[in-house]
Amino acid sequence: LGAHPDKSGWFHCTRIHTIVDGLLVIFEDNPMKLLISTFFTLLLIGFAGGSYSQVEEKPEAIDVFHKFLSAFSNSDVDSIVNLFSEDAIFWGTGSRNLVEDTDGIRLYFSGLSERPPGQRIASPQNFSIIELSNVSVLVSGMWKVVPKGQNSGTSLRVSMALSLRDGIWKIVQFHNSGMPS
């Protein structure tokens with residue numbers, strides 16, 4: 001798991017400089033631009049610094065994404081459903097309506113139980129994890145489903161929010177969608 005290139009300190013400073021410059025309407029020929037922009041950048045970084053970070057110290061949370069992919073590959077609906085909190089909200093790739101309970105999540109994945117384990121292999125492509133607090137993280141990235149014996153498959157985007165509930169990381173929000181062609 002590597003840091004996303006847009007998560008670097010340089011990106012955040014440049015982005016904040018751009019925001020501050022736009023808000024203050026400071027023109028390039030103003031000699032105070034750099035000083036004011038730097039001051040506000042440091043101020044904003046100081047406030048935002050503790051609010052989130054790239055996660056490498058939350059392996060149990062990262063593991064939830066891998067457990068989801070493994071359960072999907074093994075056509076294990078019970079294991080998939082057990083990864084979600086009872087009050088999870090869920091948008092599957094084919095969802096027509098927002099699912100708001102584990103019964104709806106079970107129904108959504110029920111078709112998996114009709115195929116043998118290993119018929120389709122789910123694997124992570126790339127993803128980033130951001131820690132919001134000691135008990136909440138966000139996962140955003142891509143995964144791929146490849147039918148057994150084939151070299152290509154379907155790339156999907158995923159975003160999920162995880163929360164530590166009674167000592168267990170649970171998915172509290174999930175959104176999945178196909179990659180545009």
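# Reading a predicted fold, residue by residue

Trainee: Is Pro117 buried or exposed?

Mentor: This is a predicted model. Pro117 has a relative accessible area of 57%. The cut-off for exposed is over 50%. By that rule, Pro117 is exposed.

Trainee: Where does Pro117 lie, and which residues is it in contact with, leaving aside neighbours within four places in sequence?

Mentor: Pro117 lies in the loop between H5 and E3. Its C-alpha atom is 9.0 Å from that of Ala71, a residue 46 places away along the chain. Leaving aside neighbours within four places in sequence, the contacts of Pro117 are Ser73, Asn74 and Ser75.

Trainee: Ser75 turns up there. What is the phi of Ser75?

Mentor: Look just after H3, where Ser75 sits. Ser75 belongs to the loop between H3 and H4. Its phi is positive, although the residue is not a glycine. The value is near 55°.

Trainee: Is Ser75 buried or exposed?

Mentor: The cut-off for buried is under 20% relative accessible area. Ser75 has 9%, so it is buried.

Trainee: Which residue in the loop between E5 and E6 has a positive phi, and is it buried or exposed?

Mentor: The residue is Asp166, in the loop between E5 and E6. Its phi is near 50°, again positive without being glycine. Its relative accessibility is 82%, so Asp166 counts as exposed.

Trainee: Back to H3. What span should helix H3 have?

Mentor: H3 covers residues 59-73, which makes 15 residues. The expected span is 1.5 Å times one less than the number of residues. The C-alpha atoms at its ends are 21 Å apart, which agrees with the expected 21 Å.

Trainee: Which elements cover the buried residues of H3?

Mentor: The buried residues of H3 include Ile62, Phe65, Phe68, Leu69 and Phe72. Both helices and strands contribute to the cover. Among the covering elements are H4, H5, E3, E4, E5 and E6.

Trainee: Pro124 is in strand E3. Which residues does Pro124 touch, not counting those up to four places away in sequence?

Mentor: Pro124 is partly exposed, at 32% relative accessible area. Its C-alpha atom is 6.4 Å from that of Lys144, 20 residues apart along the chain. Not counting residues up to four places away in sequence, Pro124 touches Phe65, His66, Leu69, Met142 and Trp143.

Trainee: Now charges. How many salt bridges does the structure hold?

Mentor: Side chains of opposite charge can pair when their charged atoms come close. One pair here is Arg106 with Asp78. Another is Arg165 with Asp87. The number of salt bridges in the structure is two.

Trainee: How far apart are the closest N and O atoms of Arg106 and Asp78?

Mentor: Arg106 forms a salt bridge with Asp78. Arg106 lies in helix H5 and Asp78 in helix H4, so the pair ties together parts that are 28 residues apart in sequence. Arg106 is partly exposed at 32%, and Asp78 is partly exposed at 45%. The closest N and O atoms are separated by 2.6 Å.

Trainee: And for Arg165 with Asp87, how far apart are the closest N and O atoms?

Mentor: Arg165 and Asp87 form a salt bridge. Arg165 is in strand E5 and Asp87 in strand E2, 78 residues apart. Both ends are partly exposed: Arg165 at 32%, Asp87 at 47%. The closest N and O atoms are separated by 3.0 Å.

Trainee: Lys170 is buried. Which side chain of opposite charge is nearest to Lys170?

Mentor: Lys170 lies in strand E6. A salt bridge needs a nitrogen and a carboxyl oxygen within 4 Å. Lys170 has none, as the nearest side chain of opposite charge is 7.8 Å away. That side chain is Glu86.

Trainee: Which residue offers the backbone oxygen that the side chain of Lys170 reaches?

Mentor: Beyond four places in sequence, Lys170 is in contact with residues including Leu83, Phe84, Ala161 and Arg165. The backbone oxygen that its side chain reaches is at 2.4 Å. That oxygen belongs to Asn82.

Trainee: In which helix is confidence lowest?

Mentor: The mean pLDDT of the protein chain is 77, and 69% of its residues reach 70 or more. Over residues 1-28, pLDDT stays under 50. Residues 37-55 are also below 50. Confidence is highest in helix H4, at a mean of 97, and lowest, at 40, in helix H1.

Terms used: Residues numbered from 1 in each chain as written. Predicted model: local features only at pLDDT ≥ 70, side-chain atom pairs only at ≥ 80, totals over all residues. Heavy atoms only, no water. Helix = DSSP H or I, 4+ residues; strand = E, 2+ residues; numbered from the N terminus. Buried < 20%, exposed > 50% of the residue type's maximum accessible area, 1.4 Å probe, protein only. Lys, Arg positive; Asp, Glu negative; His and termini not counted. Polar contact = N/O pair within 3.5 Å; in protein donor to acceptor, adjacent residues only side chain to side chain. Contact = heavy atoms within 4.5 Å. pLDDT = per-residue confidence, 0-100.
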